[in-house]
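Welcome to a short tour of one protein chain. Have the sequence and the 3D view open side by side, and we will walk from the overall build to a group of aromatic side chains.

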Amino acid sequence: MKKVLFALCALSLSFTSCDEITDVVNSVRVPAEATPSKSFTLAQLPAEPYAASAHRFVTSQSNAPFSTIEFFADGHYILSNSNPARATIADVYSTYTVDGNLHYTLDNGDVIDASSLNGPHGILSYTPKDGETVSISITSDEPLVSEASKCFSRTWTLEHSKYWLSVKGLMALHRDYYMENGILAHKDNKVADFIGEFYQGDLITPDRWPETITISPFGTYFVRFATGKTLLQEWAWSNEAKGTITTASDDKFNITDFLKSHDVTIRFVDNKLTLYTEYDLSDTRVNNANTFAPVGI
């Protein structure tokens, strides 16, 4: 990533009055849009179609076909396998159907029956299509049940990723990333010429553009990137009353800045979600706001 170069062009002051410079400087301060509002209010969103059947099951049983399987409220599941000796592919993300008795049918025909569970520990059965049933000892994770957790926990699609680059509060570049006909595009809003040269590199690339993010009330988030790459990691409230969360990420993924391991501020406006972060890049302050729309609404 090229270094951001900023020149405050003191040499050009000979043809610009002090009043004119003051007016320009005051007009390019980082806008309120770049930072979260002080108050945290919730959106009014209907429950996702499989909200009552969302579960996350964990096992350490050596002959189990998975280590964790999570059923998201949007009708998708993610099956993970942390043990390479098991036959199942490491991560499987696909769809499921379910009846009222926690009898899940995966889209490949496999069946998971969790109807006998009573409490966080128990036995479920896994029946592969045209295969033999396996009984699996599992722990059923407890979901977060606060209203804020319910509002946040759903599948979102990214609409805009906006960046503001500034030095000492003086904005030099506002860049807005978005998808247009399947192509990642961006628009730049550069400030007055007296700032000098601007950042010419990419803050976002297609492999860092999340197509969707599924936030789970079980403390996980699952990302599908535009390139097809996926990521399953963890989140937790750092201050629920203020709407801030802490995320975990894996360094081997080239992921967007707001998913790195640090505090993220969340805000809801018009039933959309915006994630805010701020950090330093060389001598530059970066404010980042990422706006998501709820899927299926």
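Two residues are in contact here when heavy atoms of theirs lie within 4.5 Å. With that in mind, take the contacts in the chain between residues at least 6 apart in sequence: 48% of them join residues at least 24 apart. Please remember while reading that this is a predicted model.

**The overall build**

The chain has 297 residues, and 44% of them count as buried. About 15100 Å² is exposed by the chain, with 51% of that supplied by carbon and sulfur atoms. Its secondary structure comprises two helices and 18 strands.

**The barrel**

Eight strands form a closed barrel in the order S1-S2-S3-S4-S5-S6-S7-S8, and their pairing is antiparallel. On average, neighbouring strands of this sheet are turned by 30° against each other, direction ignored. In general, strands of a sheet pair through backbone hydrogen bonds, either parallel or antiparallel.

For a look at one such pairing, find strand S7 (residues 121-127) and strand S8 (residues 134-140): they run antiparallel and are joined by six bridges. Histidine 121 has threonine 139 of S8 standing opposite.

**An aromatic cluster**

Now for the rings. The structure holds 16 aromatic pairs. Two of them share phenylalanine 268, as the table shows.

| Pair | Distance between ring centres | Angle between planes | Type |
|---|---|---|---|
| Phenylalanine 40 and phenylalanine 268 | 6.2 Å | 25° | stacked |
| Tryptophan 156 and phenylalanine 268 | 6.1 Å | 35° | tilted |

Why is one pair called stacked and the other tilted? Planes under 30 degrees apart count as stacked, over 60 as edge-to-face and the rest as tilted. The angle of 25° therefore makes phenylalanine 40 and phenylalanine 268 a stacked pair, while 35° puts tryptophan 156 and phenylalanine 268 among the tilted ones.

Where do these residues sit in the chain? Phenylalanine 40 belongs to the loop between helix H1 (18-27) and strand S1 (55-58), and phenylalanine 268 to strand S16 (residues 263-269), so their pair ties together parts that are 228 residues apart in sequence. Tryptophan 156 is in strand S9 (residues 155-167), and its pairing with phenylalanine 268 in strand S16 links parts of the chain 112 residues apart.

Are these three rings' residues buried or exposed? Under 20% relative accessible area means buried. Phenylalanine 40 is buried at 16% relative accessibility, phenylalanine 268 is buried at 7%, and tryptophan 156 is buried at 0%.

The picture widens from there: Phe40, Trp156 and Phe268 belong to one aromatic cluster that also includes Phe152, Trp235 and Trp237.

Definitions and conventions. Residues numbered from 1 in each chain as written. Predicted model: local features only at pLDDT ≥ 70, side-chain atom pairs only at ≥ 80, totals over all residues. Heavy atoms only, no water. Phe/Tyr/Trp six-rings, centres within 6.5 Å; stacked < 30°, edge-to-face > 60°. Helix = DSSP H or I, 4+ residues; strand = E, 2+ residues; numbered from the N terminus. Buried < 20%, exposed > 50% of the residue type's maximum accessible area, 1.4 Å probe, protein only. Areas by Shrake-Rupley, 256 points an atom, 1.4 Å probe, with all protein chains shown as cover. Pairing = 2+ DSSP bridges. Axes fitted to C-alpha atoms, helices over the stretch in contact; angles between N-to-C directions.
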